[in-house]
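Work through the exercises below with the sequence and the structure at hand. Each task is followed by a solution in steps.

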Amino acid sequence: NKEGKKKTRTGGEEKMTTSIQNESESILYAADGITAVKFGRKSDHLIVSSWDSSIKLYNKSDQIDSVFSKAGVLDCEFLDEDNKIAYVGLDKTLHVYDFNSRKNDDFETSHTEPIRKVLYHGEKGLLITGGWDAAVKLWDPRVSDRKEVGSYKQFSKIYAMSHTDSRLVVGTKPSDVRVYDLRNLSVAEEEKDSIMKYQIRDIQCFPNGKGYVVSSIEGRLAVEYFSSGSDGESPQGYAFKAHRKESPEGQTLIYPINAIAFNKKYETFATGGSDGIVNVWDASRRKKIWKSRMFHTSVSALSFNKECDKMAIAVSYMFEEGPKDPVPDNIVIMKDVSETELKFKDKTSAA
């Protein structure tokens, strides 16, 4: 395959545009490991958080702003308006930053360990944080009192979280999942112990609110459905192996699945692994739709834009094999995606 590359500099960032197999991609370089990528709720603005304490804001492929924390940033999230973001990390504090006013609001530090995840529930107007201190906390950014409005102890360290309109799904150490009704976070609605054999890496809820997908460090995915109530008609969940390959010696190489992202238009989902590959899946048909080329190192985070025609792919070494010299480049690939890559096509029905 022919590959053409052009490098430019924009706003202090090196940008590379590459065309591979007629795919137009913009590549953004990061100084350190990338922990999260999130597209805006109303625009194609993208935020990228990193271990170097930065959160950078991009408009398409151009960096337009940035903010720095006091320590490494582990997660970030847009609020209702794409000029406001929340971010969390090693400093154990929830921050809300307004790119327009350049005001940074620091909430009360009540987590006692680093905060791993932050979610924004637009309908309720609340921020939800999950920390390595085994606590889920609620925060209201609309009020002047920057204190938590709820705190709920979990059984162990929180690795992953996701939500629907009415439910919160929490993945904890080592591989347990708790499902909560957001109206009552004091008691779990569902408890699934050891949903995976090994550590959970990510959780994402279906856009239709009917279930969720869990990934693990053991190259395995689980598709689970919420209980539908007294009728008991919810679909049966299932698990399957992914992001594995055979070595030249015939051994099975197993890679962590670090990221899951749903495409809301087709309700299919993408996964990114330490094998450097992105796969797209149709959960209802239990089929793989598309597989990317292999990138130079691990895929650490994924996000689709609101129009579902762009995917941000964070390619960043996660030290699965220990220190490397030199460390592979940390990049974000802004990829245009088409229906053929996201929607299952039944070849037998084509006529």
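Two strands count as paired if DSSP finds at least two bridges between them. The model used here is a predicted one.

**Exercise 1. Describe the sheet that contains strand S6, and find the residue opposite Asn 59.**

Step 1. Place the strand in its sheet. The order S4-S5-S6-S7 describes an open sheet of 4 strands with antiparallel pairing.

Step 2. Find the edges. Strand S4 (34-39) and strand S7 (62-68) each pair on one side only, which makes them the edge strands. From one strand to the next, the twist averages 20 degrees.

Step 3. Look at one pair. S6 (residues 54-59) and S7 run antiparallel and are joined by 6 bridges. Across this pair, Asn 59 stands opposite Asp 62.

**Exercise 2. Decide whether Ser 69 is buried or exposed, and list its contacts.**

Step 1. Locate the residue. Ser 69 belongs to the loop that lies between S7 and strand S8 (73-78).

Step 2. Apply the cut-off. Buried means under 20% relative accessible area. Ser 69 has a relative accessibility of 15%, so Ser 69 counts as buried.

Step 3. List the contacts. With neighbours within four places in sequence left aside, Ser 69 is in contact with Ser 53, Tyr 87, Asp 91 and His 95. With Asp 91, the side chain of Ser 69 makes a polar contact of 3.4 Å.

**Exercise 3. How many disulfides does the structure hold, and where are the nearest cysteine sulfurs to Cys 76 and Cys 308?**

Step 1. Take the count. There are 0 disulfides.

Step 2. Check Cys 76. The nearest cysteine sulfur is that of Cys 205, 18 Å away, and Cys 76 is in no disulfide. Cys 76 has a relative accessible area of 0% and is therefore buried.

Step 3. Check Cys 308. The closest cysteine sulfur is again in Cys 205, and because it is 16 Å from the sulfur of Cys 308, it is too far for a bond. Cys 308 is buried, at 8% relative accessibility.

**Exercise 4. Explain why strand S14 is described as largely enclosed, and find its partners.**

Step 1. Count the buried residues. S14 covers residues 135-139, and 5 of the 5 are buried, so the strand is largely enclosed by the rest of the structure.

Step 2. Sort the directions. Val 136 and Leu 138 point one way, while Ala 135, Lys 137 and Trp 139 point the other way.

Step 3. Take one partner. S14 runs antiparallel to strand S13 (residues 126-131), with 4 bridges between them. Here Gly 130 stands opposite Val 136. The two strands form a hairpin with 3 residues between them, and Ala 134 in the turn has a positive phi of about 65 degrees.

Step 4. Take another partner. Strand S15 (residues 150-153) is joined to S14 by 4 bridges, again antiparallel. In this pair Val 136 stands opposite Tyr 152.

**Exercise 5. Which residues of the largest nonpolar core touch the most other members?**

Step 1. Name them. The core has 19 residues, and Val 278, Leu 302, Met 311 and Ile 313 touch the most other members.

Step 2. Find the sources. Elements that give two or more residues to this core include strand S28 (278-282), strand S30 (299-304) and strand S31 (310-315).

Step 3. Follow one member. Beyond residues up to four places away in sequence, Val 278 touches ten residues listed from Ala 270 to Ile 313, including Trp 290, Phe 295 and Leu 302.

Note on methods
Residues are numbered from 1 along each chain as its sequence is written. This is a predicted model: local features need pLDDT of at least 70, side-chain atom pairs count only at pLDDT 80 or more; totals for chains, interfaces and linings use all residues. Side-chain values use heavy atoms; hydrogens and water are left out. A nonpolar core is a set of buried Ala, Val, Leu, Ile, Met, Phe, Trp, Tyr and Cys residues joined through side-chain atoms within 4.5 Å. Buried means under 20% relative accessible area, exposed over 50%, partly exposed in between (1.4 Å probe, protein chains only). Contact means heavy atoms within 4.5 Å. Axes are lines fitted to C-alpha atoms, for helices over the stretch in contact, and angles run from 0 to 180 degrees between N-to-C directions. A polar contact is a pair of N or O atoms within 3.5 Å; within protein, one must be able to donate a hydrogen and the other to accept it, and residues adjacent in sequence count only if both atoms are side-chain atoms. A disulfide is a pair of cysteine sulfur atoms within 2.5 Å.
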